Amino acid sequence: MKKKMTFTTHSPEETAEFARIFIDYLQPGHIITLSGDLGAGKTTFSQALLSHLGAEPPFPSPTFTIINQYDLQLDTLGVQKGIERIYHIDAYRSDGDGMEMLGWSDIVSDAWGVALVEWPELMIRLLPDDVIRVAITALGEQERQFEIAGV
Ligand SMILES: Nc1ncnc2c1ncn2[C@@H]1O[C@H](COP(=O)(O)OP(=O)(O)O)[C@@H](O)[C@H]1O
Ligand SMILES: [Mg+2]
């Protein structure tokens, strides 16, 4: 049986601190799905992960581009962990075929990449079974619950 972990934050800053802890469980090849309503904090959490791993800012939301790719430079935490690339994906405006055209199968088979996927519900049949699932729920103005499954 897979374990589930729950964590609650009370500000975007605390979410960024949580992202730093989360990175300890990240490995090259991982696919992280981020579920939650609009404004839950999927992009905020992704941006914190990108920042901690040492990607070069800015980190715009992939709302319209659908996939933003970051190649990590040497001496970043990401490369120290063996992660060479991060894909930040927002599937909201895409469909399965669109994702395939944008190179989704290359992303899945990239053993040195990490993919962060917002709105995974919209590409569910393209996702492998062994993803790490993060579900974010707004409990209040600044209170967010993170439920992690699959680590
Ligand atoms: N604890 C928190 N963690 C993350 N974001 C928070 C938190 N509290 C408030 N926010 C705010 O909620 C919003 C989340 O937006 P965003 O990350 O774009 O959500 P999503 O990508 O899920 O639509 C941001 O304006 C952010 O500042
Ligand atoms: Mg978003």
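**A walk through the sheet and its ligands**

Let's start with one residue: I67 lies in strand 3. Before going further, keep in mind that the model you are looking at is a predicted one. Is I67 buried or exposed? I67 counts as buried, because its relative accessibility is 19% and the cut-off for buried is under 20%. Look at what surrounds this side of the structure: leaving out neighbours within four places in sequence, I67 is in contact with P62, Y87, H88, I89, M99, L102 and I107.

Now zoom out to the sheet that strand 3 belongs to. It is an open sheet of 7 strands, and reading across it you meet them in the order 1-7-6-2-5-4-3. The pairing is mixed. A bit of background helps here: strands of a sheet pair through backbone hydrogen bonds, and they can do so in a parallel or an antiparallel way. Which strands sit at the edges of this sheet? They are strand 1 (4-9) and strand 3 (67-71), each of which pairs on one side only. From one strand to the next, the twist averages 15 degrees.

Let's see both kinds of pairing in action. Strand 6 (residues 132-138) and strand 7 (residues 144-149) are antiparallel partners, with 6 bridges between them. A hairpin of 5 residues takes the chain from strand 6 to strand 7. You can pick out individual partners along this pair: R133 stands opposite A149 in strand 7, while A138 stands opposite R144 in strand 7. Strand 6 also pairs with strand 2, but this time the two run parallel, joined by 4 bridges. One place to spot that pairing is S35, whose bridge partner in strand 6 is A135. And how far is A135 from I67, where we began? The two are 68 residues apart in sequence, and their C-alpha atoms are 20 Å apart in space.

The sheet has company, too. Helix 1 (residues 12-22) lies across strand 1, strand 2 (31-35), strand 6 and strand 7. Compared with strand 1, helix 1 runs at about 150 degrees.

Next, move to strand 4 (residues 85-90), where you'll find R85. Its side chain makes a polar contact of 2.7 Å with the side chain of D110, and another of 3.5 Å with the side chain of Y87. Setting aside neighbours within four places in sequence, R85 is in contact with Q69, Y70, D71, D110, W112, G113 and V114.

Loops deserve a look as well. T76 lies in the loop between strand 3 and helix 3 (77-80). T76 counts as buried because its relative accessibility is 9%. Its contacts, again leaving aside neighbours within four places in sequence, are L53 and G54. Another loop, the one between strand 2 and helix 2, holds G41. G41 is buried too, so a place in a loop hasn't left it exposed: its relative accessible area is 15%. Follow G41 across to R144, and you'll find their C-alpha atoms separated by 7.8 Å, although their positions lie 103 residues apart along the chain.

That brings us to the ligands. Which residues hold the magnesium ion (ligand 2)? It is coordinated by T43, through OG1, and by E118, through OE, at 2.1 to 2.2 Å. These two come from distant parts of the chain, 75 residues apart: T43 belongs to helix 2 (residues 42-53), and E118 to strand 5 (residues 113-118). Both T43 and E118 are buried.

T43 turns up again at ligand 1. There are 16 residues around ligand 1, and those that come nearest are T15, G39, K42, T43 and T44. Some atom pairs here are worth finding on screen. An oxygen atom of ligand 1 is 2.6 Å from an N or O atom in the side chain of T44. G39 takes part through its backbone, with an N or O atom 2.8 Å from an oxygen atom of ligand 1. T9, finally, has a polar side-chain atom 3.1 Å from a nitrogen atom of ligand 1.

Conventions. Residues are numbered from 1 along each chain as its sequence is written. Chains are lettered from A and ligands numbered from 1 in the order in which they are written. This is a predicted model: local features need pLDDT of at least 70, side-chain atom pairs count only at pLDDT 80 or more; totals for chains, interfaces and linings use all residues. Side-chain values use heavy atoms; hydrogens and water are left out. Two strands pair if DSSP finds at least two bridges between them. Axes are lines fitted to C-alpha atoms, for helices over the stretch in contact, and angles run from 0 to 180 degrees between N-to-C directions. Contact means heavy atoms within 4.5 Å. Donors are N, O and S atoms within 2.8 Å of the metal (3.2 Å for Na, K and Ca); water is not among the atoms, so sites may look incomplete. Buried means under 20% relative accessible area, exposed over 50%, partly exposed in between (1.4 Å probe, protein chains only). A residue is near a molecule or strand if one of its heavy atoms lies within 4 Å of it. A polar contact is a pair of N or O atoms within 3.5 Å; within protein, one must be able to donate a hydrogen and the other to accept it, and residues adjacent in sequence count only if both atoms are side-chain atoms.
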